[in-house]
Structure formats: C-alpha cells, structure tokens
Amino acid sequence: MALREYNKKRVFNKTPEPRGGKPAKDALHFVVQKHDATRLHYDFRLEMKGVLKSWAIPKGPSLNPDDRRLAMMVEDHPYDYKDFEGIIPEGNYGAGTVIVWDEGTYETLEPKKSIKEEEKSLLAQLKSGSLKFRLFGKKLKGEFALVHIKNNNGSGENAWLLIKHRDDFASTTDISKKAKSVLSDKSIAQMGKDKNADQWISKPKNKSSSKSKKTQ
Ligand code: MN
C-alpha cells in the first residue's frame, strides 16, 4: 500500500497530520511545505494517483536555472497533507513547525486530455528518473525538472535534483525570501508561537475515545 511507510511512522492521536484524502478531479495539485524540524527543509509534493509523491529539499526550490537543488525522495504522503500546516508535537516523527510555503496545480509539459493520462505520463517519467512539469503556484511558476541522480556516491539512491528550466519565470531573485505561508500569511516563527496552530488535530473516531487535549 502506498501510504504504509507514512502510516508506520506516525501515531495519529498524537500528531495533527492527516491520514488520507480524496483528490479533486479538476487538476493535479502540488504543495511545498516549509518544515522546521531537526533541520529546516522544504517538502516538495506532487499529486499522483491520489497520493503525494514527496521530496525533502534542504535548500528549497529556486527560480534560478543555475541552481540544482538536492531533493531527497521520501515516502508518499496522503492527499490531504497538502493543506497541512501547524505544529507536529515533540516526540512525533518530523516534530516541528510546518507552513504551506507554496501551492497550486501542475501539469506535464505536453498536457494530455485527461487527468488519468497525465498521471500515466507522470508515473512513467518518475520511473525513468526524469520528471518534467509546469507549476502554477503562487511563488513557483513555469517549467521544472526533477532528475534522479544515478550511481552517485554519498547521497544514496533517493537523491534527485530539482532544476528550474529557462523560461519566462526563471529568475535570479531569491524566492526563499518570500518566507510566509500562502494559506495563513504566517512565517515559521509566527506559526511556532501560534497558540491555535496545533488545533489541527485529526478528529477522534468517536467522542468517547478521547478528549483531545492540546499537546505540544
Ligand atoms: Mn519534512
């Protein structure tokens, strides 16, 4: 099952992170979350077949085609994760603060007629180790590629590079300076201090099972 690894790492009555989700049918979505965990990083996620294919990018995405950003592929995340921001409490996997740094829709460079065909193409590209797509985000726009690094020493077999293609949206402006959430307009620091932030607790299955006390 696609989410087995994701589920295995988490205890869902202790973390506010989502468990599932049903994809919208109109378009494929992407999200970039800024995650202040053990190390600050960005999580880049592309919707494919109802889950989010995910890469952790230490330096975050860049609009500069000369930058090649190391992107470590991690386990698939549930579709609803794209809307998640808040605080993952201490003691949980990935403990720390998360904001939705960017989000939007995306497509292949030669968009197909249906989402199904788009996904088929994307999964084939993913398998081949070279994935090209166009983002329609609030911060990230235009063409990008994710390229699997093969046979490299050191960073392991999950290492990819995120590279901006040269197009009208390529720029040497440091996009990381736009640091706030596109959902709440909060910075990581503001979210971390927000007393309401950790209320995004998954709803208990039945009321008697828990009086979900806010924990941090
Ligand atoms: Mn992360």
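Buried here means under 20% relative accessible area. The exercises below use this term throughout, and they concern a predicted model.

**Exercise 1. Describe the overall make-up of the protein chain, from its elements to its surface.**

Step 1. The secondary structure of the protein chain comes to 3 helices and 9 strands, and from the N terminus on these elements follow the order α-β-β-β-β-β-β-α-β-β-β-α.

Step 2. Of the 216 residues in the protein chain, 47% are buried, while the accessible surface comes to about 12100 Å², with 50% of it belonging to carbon and sulfur atoms.

Step 3. Among contacts with a separation of 6 or more, 63% are accounted for by residues 24 or more positions apart.

**Exercise 2. Find which residues coordinate the manganese ion, and say how they are spaced in sequence.**

Step 1. The donors to the manganese ion are ND1 of H35, NE2 of H41 and OD of D43, at 2.2 to 2.3 Å.

Step 2. Reading along the sequence, the donor residues show the spacing H-x5-H-x1-D.

Step 3. Both H35 and D43 are buried, and D43 also takes part in strand pairing, since its bridge partner in β3 is A56.

**Exercise 3. Trace how strand β3 is paired with β2 and β4, and decide whether its faces are covered or open.**

Step 1. On the β2 side, β2 and β3 pair in the antiparallel sense over 7 bridges; the hairpin that they form has 2 residues between the strands, and K49 in this hairpin takes a positive phi near 50 degrees.

Step 2. With strand β4 (residues 68-78), strand β3 (residues 51-57) makes an antiparallel pairing over 5 bridges, in which S54 has V74 as its bridge partner and W55 stands opposite M73.

Step 3. The pairing continues from β4 to strand β9 (residues 159-164), again in the antiparallel sense and over 5 bridges, with A159 of β9 as the bridge partner of M72.

Step 4. In a regular strand the side chains alternate between the two faces of the sheet. For β3, one side carries V51, K53, W55 and I57 and the other L52, S54 and A56, and these residues are all buried, so that both faces are covered.

**Exercise 4. Identify the residues with the most contacts inside the largest nonpolar core, and follow one of them outward.**

Step 1. The largest nonpolar core has 25 residues, and those with the most contacts inside it are F44, L46, W55, F133 and L146. Strand β2 (residues 40-48) supplies the largest share of this core, namely 4 residues.

Step 2. Leaving aside residues up to four places away in sequence, L146 touches a set of residues that includes F44, L46, W55, F133 and W160.

Step 3. A second, separate core has 10 residues, among them L3, Y81, I88 and V98.

**Exercise 5. Classify the aromatic pairs of W55 with W160 and of Y81 with F84.**

Step 1. A search of the whole structure finds 9 aromatic pairs. For W55 and W160 the distance is 5.6 Å centre to centre and the angle between the planes is 75 degrees, and this pair is edge-to-face.

Step 2. The pair links distant parts of the chain, as W55 lies in strand β3 and W160 in strand β9, 105 residues apart; W55 and W160 are both buried.

Step 3. The ring centres of Y81 and F84 are 5.3 Å apart with their planes at 55 degrees, and therefore this pair is tilted. Y81 and F84 are likewise buried.

Step 4. Finally, one aromatic cluster is formed by F30, F44, Y106, F133 and F144.

Conventions:
Residues numbered from 1 in each chain as written. Predicted model: local features only at pLDDT ≥ 70, side-chain atom pairs only at ≥ 80, totals over all residues. Heavy atoms only, no water. Donors = N, O, S within 2.8 Å, 3.2 Å for Na, K, Ca; no water. Buried < 20%, exposed > 50% of the residue type's maximum accessible area, 1.4 Å probe, protein only. Pairing = 2+ DSSP bridges. Core = buried A, V, L, I, M, F, W, Y, C linked by side-chain atoms within 4.5 Å. Contact = heavy atoms within 4.5 Å. Areas by Shrake-Rupley, 256 points an atom, 1.4 Å probe, with all protein chains shown as cover. Phe/Tyr/Trp six-rings, centres within 6.5 Å; stacked < 30°, edge-to-face > 60°.
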